[in-house]
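I opened this notebook to keep track of what I looked up, one topic at a time. The entries follow the order in which I went through the topics.

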Amino acid sequence: MKKIKFLLGILTIAASTSLLSSCFSDPTFDEKPEVTLPSAETTYTITVKTNPADAKLTYNGKPVDKTFTTKENGELVVSADDSYVAQTINVVLGENKNIVLDVTLIKKPTSNTSVADAEASTSETEVNGNNNSSIVIPAGITQTNESVSDDAKFGISVYNVVAVTEEPKVTEDKVENDKPHDVLVAVCEPDGARFDEPVTISVAAQNAEGLSFECTNDKEGDPAESISVGQNTLSAKVDHFSNWTFSLMARVIKIEEQEEVLFDGDILIHAGSNAFNYTAKAGVSSNRNGIAETFLISQFGSKLTNVAKTGTLSSTGEGSARIRVIQTKKIITYKSGNTQFTATVYGAIRVDVLNVTYDTTGHSGGIGTN
């Protein structure tokens, strides 16, 4: 009987939405063939979910599609028409080859309150914006920048920061090691307005109590005059308008590494390319909701999400292989203020070949199992 030997080739990964094909029982076999273990993914796939759906993307200055592959760190700019605020996302590629970004663009802020109306008011003026944001202008305040028209309208809008940043690392448990992580940006209009006494800007921040924050502007990086943290609100006193960023002050105090099996089963192998499907994971999950979860999404791109993937094995003969697809994950413990919370983040994927057989009877197939 002539023996048919075959090699398993290199694993390649591509996006897929199909379901797992039927698996098969082992055919008859003579001896194990030589096996070359599949390699891990070598390219990064970035998938961007946007609102509005027709938003435009540019990566390092070049237009890209909503799903694209890249080998370099870069800046992703998400924009729409002139009524929206464009957002720039810093992408730092780590070990996770599947990155999902969830970006919601906001409308540029507008209101009915003009600079002249606020200055003439004999009582406190409150300007409400989107996402439960507001500006509180004290009575009799004076706007001191002469280039700002009296007809200009005060307004505020808030968006969640999205930025795929460097891999978290454990730092010593000391307050001075807290790092600012941008979470919310308050876009305050008119840009450049200055006041002879502070005005208060407020943003919604669910479950913020017990966490530590700072607030700085996006031009000079100057801090707000003061910041207060409520149960569901962050407020800052500022003396001028630009984009003001609220950052969570936090540090990593522990990282645990674990593995999760994504697929474990037999696949039927024909001569040529053989596909198997599985579901990878991207993004982050947390044991704390609210603004802490918003912070984690800003660091890792999205909430935990499933990504359909297809692996292929190349063969020169016919038979079956038992394979196991494994994804690493990290349980990261953060501390901010007097509060701890955890994040589960998924990373690299590998494929293990557990057993290989080859058919000497014409490869009649078998019963599908999974």
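**Pockets and cavity**

I began with the second largest pocket and sorted its lining by class: 13 residues are nonpolar, 9 polar and 3 charged. The model is a predicted one. I noted a volume of about 540 Å³ for this second largest pocket. Its lining holds 25 residues, and those nearest the centre are Asn131, Tyr159, Asn160, Leu184 and Thr294.

I then asked which elements supply at least two residues each to the lining of the second largest pocket. They are strand 8, strand 11 (155–160), strand 13 (194–204) and helix 2. Helix 2 gives the most, with 4 residues.

Next I looked up the largest pocket, which has about 760 Å³ of space. I found 33 lining residues, with Val161, Ala163, Thr165, Asp182 and Gln299 closest to the centre. Two or more lining residues come from each of strand 7 (87–91), strand 12 (179–189), strand 17 and helix 2. By class, I listed 16 nonpolar, 10 polar and 7 charged residues in the lining of the largest pocket.

How many cavities of 30 Å³ or more does a search of the whole structure find? I got 1. The space in this largest cavity comes to about 250 Å³. It is lined by 23 residues, and Asn96, Glu167, Phe300, Val345 and Tyr346 are the closest to its centre. Strand 8 (98–104), helix 2 (291–300), strand 21 and strand 22 each give two or more residues to the lining of the largest cavity. I sorted that lining into 11 nonpolar, 8 polar and 4 charged residues.

**Helix 2**

Helix 2 had turned up in the lining of the largest pocket, of the second largest pocket and of the largest cavity, and I looked up its burial next. I found helix 2 mostly covered, with 9 of its 10 residues buried. The buried ones are Ile291, Ala292, Thr294, Phe295, Leu296, Ile297, Ser298, Gln299 and Phe300. Three of these names I had already written down: Thr294 near the centre of the second largest pocket, Gln299 near that of the largest pocket, and Phe300 near that of the largest cavity. Just past the end of helix 2, I noted that Gly301 has a positive phi of about 95°.

**Salt bridges**

I counted 8 salt bridges in the model. I took three of them one by one.

In one of them, the side chains of Glu259 and Arg350 meet at 2.6 Å, N to O. Glu259 belongs to strand 17 (residues 243–269) and Arg350 to strand 22 (residues 339–358), so this salt bridge ties together parts that lie 91 residues apart in sequence. Are the two residues buried or partly exposed? Glu259 is partly exposed at 49% relative accessibility, and Arg350 is partly exposed at 32%.

Another salt bridge joins Lys329 and Glu260, with the closest N and O atoms 3.1 Å apart. Lys329 is in strand 21 (residues 319–336) and Glu260 in strand 17, so the pair connects parts 69 residues apart in sequence. Buried means under 20% relative accessible area. Lys329 has 14% and therefore counts as buried. Glu260 has 17% and counts as buried too.

For the pair of Arg322 and Asp264, I found the closest N and O atoms 2.9 Å apart. This salt bridge also links distant parts of the chain, with Arg322 in strand 21 and Asp264 in strand 17, 58 residues apart. Arg322 is partly exposed at 32% relative accessible area, and Asp264 is partly exposed at 27%. I also noted one network, in which salt bridges with shared partners join Glu259, Arg350 and Asp352.

**An open sheet**

My last topic was a sheet. In what order do the 5 strands of the open sheet lie? I wrote down 9-10-13-16-15, with antiparallel pairing. Strand 9 (125–128) and strand 15 (226–229) are the edge strands, and each of them pairs on one side only. From one strand to the next, the twist averages 20°.

I looked at one pairing of this sheet more closely. Strand 9 and strand 10 (residues 134–137) run antiparallel and are joined by 4 bridges. Glu126 stands opposite Val136 of strand 10.

Methods: Residues numbered from 1 in each chain as written. Predicted model: local features only at pLDDT ≥ 70, side-chain atom pairs only at ≥ 80, totals over all residues. Heavy atoms only, no water. Salt bridge = Lys/Arg side-chain N within 4 Å of Asp/Glu carboxyl O. Buried < 20%, exposed > 50% of the residue type's maximum accessible area, 1.4 Å probe, protein only. 1 Å grid on protein atoms, 1.4 Å probe; cavity = no way out; pocket = protein on both sides within 12 Å on 5 of 7 lines; lining within 4 Å. Points joined across faces, edges and corners; volume = space filled by probe spheres on them. Nonpolar A, V, L, I, M, F, W, Y, C, P; charged D, E, K, R; others polar. Pairing = 2+ DSSP bridges. Axes fitted to C-alpha atoms, helices over the stretch in contact; angles between N-to-C directions.
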